[in-house]
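Biologist: Could you take me through the empty space inside this one? I'd like a close look at the cavities, and then a quick word on any helix packing you can describe.

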Amino acid sequence: MAKVNENYQKLPGSYLFAEIGRRSAKYAAEHPDAKMIKMGIGDVTRPLAPVVIEAMHKAVDDMSTVEGFHGYGPEQGYDFLRNAIVEHDFKARGVDIEPDEVFVSDGAKSDCGNIGDILSVDNKIAVCDPVYPVYVDTNAMAGRAGDWDPEKEEWSNIHYMPTTAENGFCPAIPEETVDVIYLCSPNNPTGTVLNRDQLKAWVDYANAHESIIMFDAAYERFITEEGIPHSIFEIEGAKTCAIEFRSFSKTAGFTGARCGYTVVPKELVRQGQSLNAMWLRRQTTKFNGASYIIERGAEAVYTPEGDKQIEETLDYYRANARVIKEGLEAAGFTVYGAVNSPYVWCKTPEGMGSWEFFDKLLTEANIITTPGAGFGPSGEGYIRLTAFGDADATKEAIERIKKLDL
Ligand code: PLP
């Protein structure tokens with residue numbers, strides 16, 4: 001008899017977005033005239049930059065000729081894209097990364113999830129709470145999480161690190177030894193960032209304990225404040241203890257086009273094994289490369305014109321984030337994030353839970369948000385709003401919130 005991966009049975013249902021969808025759809029069906037504003041799901045809404053479209057069109061034309069046709073590409077990504085990544089995302093910031101340390105993929109979600117393939121099932125995993133659920137669920141699928149405790153809403157074998165206003169949204173270095181640490185900066189869902197000293201403390205910990213930091217920098221390009229690291233490899237010592245995930249999704253609108261990359265330094269070695277060589281082996285076996293057309297589109301992001309056009313779109317979202325933050329603060333809310341991130345993390349009114357405030361915004365202002373509790377127990381007492389929507393709708397949403405009786 002074929003046996004299934006029993007770890008899947010332990011997974012709690014993907015309750016959060018299903019429940020948000022259920023409550024929103026029910027309300028909308030009962031109130032067909034309600035003008036709903038979506039500020040919940042973290043998907044972009046602005047079109048791809050014209051230079052990206054142009055590059056993709058040209059790549060499609062390449063495919064129509066014998067000379068220009070591209071079949072299977074290099075699993076690690078085409079040189080033209082890996083060289084552009086190294087040049088613009090790293091060398092330009094004084095970070096020395098080699099093209100063969102860059103692995104182009106169809107996005108950061110796959111890489112964050114698949115990286116566990118090259119790790120033992122025995123590792124002790126540490127995640128922030130609240131957290132992007134992919135880190136937790138993929139470890140649970142692999143059997144690294146232990147058992148799900150529905151009371152605590154925690155996995156028995158995962159070390160949760162609360163990141164709340166009380167600790168400045170920086171996870172505390174754990175007393176017990178942890179082997180794999182997931183850090184995300186700018187953070188989803190809190191919108192906050194880790195500074196140089198905070199990252200250095202984690203790098204020192206990881207090197208001292210031979211742990212590995214999985215650093216998710218999917219929102220790196222939203223950083224506006226000087227001095228905040230865009231890459232963990234800006235921190236001395238990171239190359240011997242960290243892997244970094246990047247994405248073109250939020251940076252350049254590729255959520256539907258799909259492209260990202262992962263940096264695995266050659267200096268990263270555990271138990272005598274090169275993680276770079278292992279990831280190469282994994283990718284060449286299980287992945288056949290991102291599409292030529294999409295990689296040409298991603299390359300165009302790094303041209304001067306691409307840079308300018310992408311910044312214009314990012315500024316559109318940044319302006320939305322400012323409208324949300326300043327509007328909510330003017331209405332008396334305590335708000336985090338927004339400055340270096342498309343996410344705004346808003347404290348619920350005194351005594352009101354995440355879901356209760358979600359319902360109030362849904363039914364009294366017709367705004368769909370995400371309850372913080374859905375990202376982990378320490379997200380209770382917060383909601384997440386995203387800046388990826390239409391500018392006028394964002395302003396309208398804030399005006400509606402200001403009018404609420406709280
Ligand atoms: N990492 C974080 C923190 C995210 O929030 C997301 C998407 O929302 C991703 C990774 C996935 O990005 P991609 O679209 O490249 O798969």
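Modeller: The largest cavity holds about 100 Å³ of space, bearing in mind that this is a predicted model. Searching the whole structure turns up three cavities of 30 Å³ or more. Around the largest cavity, the lining draws on Asp89, then Ala217, Ala218, Glu220 and Arg221, then Arg246, Ser247, Phe248 and Thr251, and finally Tyr261, Val301 and Tyr302. Sorted by class, that lining comes out as six nonpolar, two polar and four charged residues, with Asp89, Glu220, Arg221 and Arg246 as the charged ones.

Now for the second largest cavity, which has a volume of about 80 Å³. Its walls include Cys128, Thr163, Phe169 and Pro171, and Leu183, Cys184, Ser185 and Asn187 also line it, along with Thr190, Thr192, Val193 and Leu194. Here the split is seven nonpolar and five polar residues, with no charged ones.

As for the helices, take H11 (residues 304-330) and H13 (residues 391-402): their axes come within 10 Å and cross at roughly 5°. Angles under 35 degrees count as roughly parallel, so H11 and H13 are roughly parallel to each other. On the H11 side, the contact is made by Tyr316, Asn320, Val323, Ile324, Gly327, Leu328 and Ala330; H13 brings Ala391, Thr394, Lys395, Ile398, Ile401 and Lys402. In class terms, the contact of H11 with H13 has eight nonpolar, three polar and two charged residues, and those charged two are Lys395 and Lys402 of H13.

Key. Residues numbered from 1 in each chain as written. Predicted model: local features only at pLDDT ≥ 70, side-chain atom pairs only at ≥ 80, totals over all residues. Heavy atoms only, no water. Axes fitted to C-alpha atoms, helices over the stretch in contact; angles between N-to-C directions. Helix = DSSP H or I, 4+ residues; strand = E, 2+ residues; numbered from the N terminus. Parallel < 35°, antiparallel > 145°, perpendicular 65-115°, else oblique. Contact = heavy atoms within 4.5 Å. 1 Å grid on protein atoms, 1.4 Å probe; cavity = no way out; pocket = protein on both sides within 12 Å on 5 of 7 lines; lining within 4 Å. Points joined across faces, edges and corners; volume = space filled by probe spheres on them.
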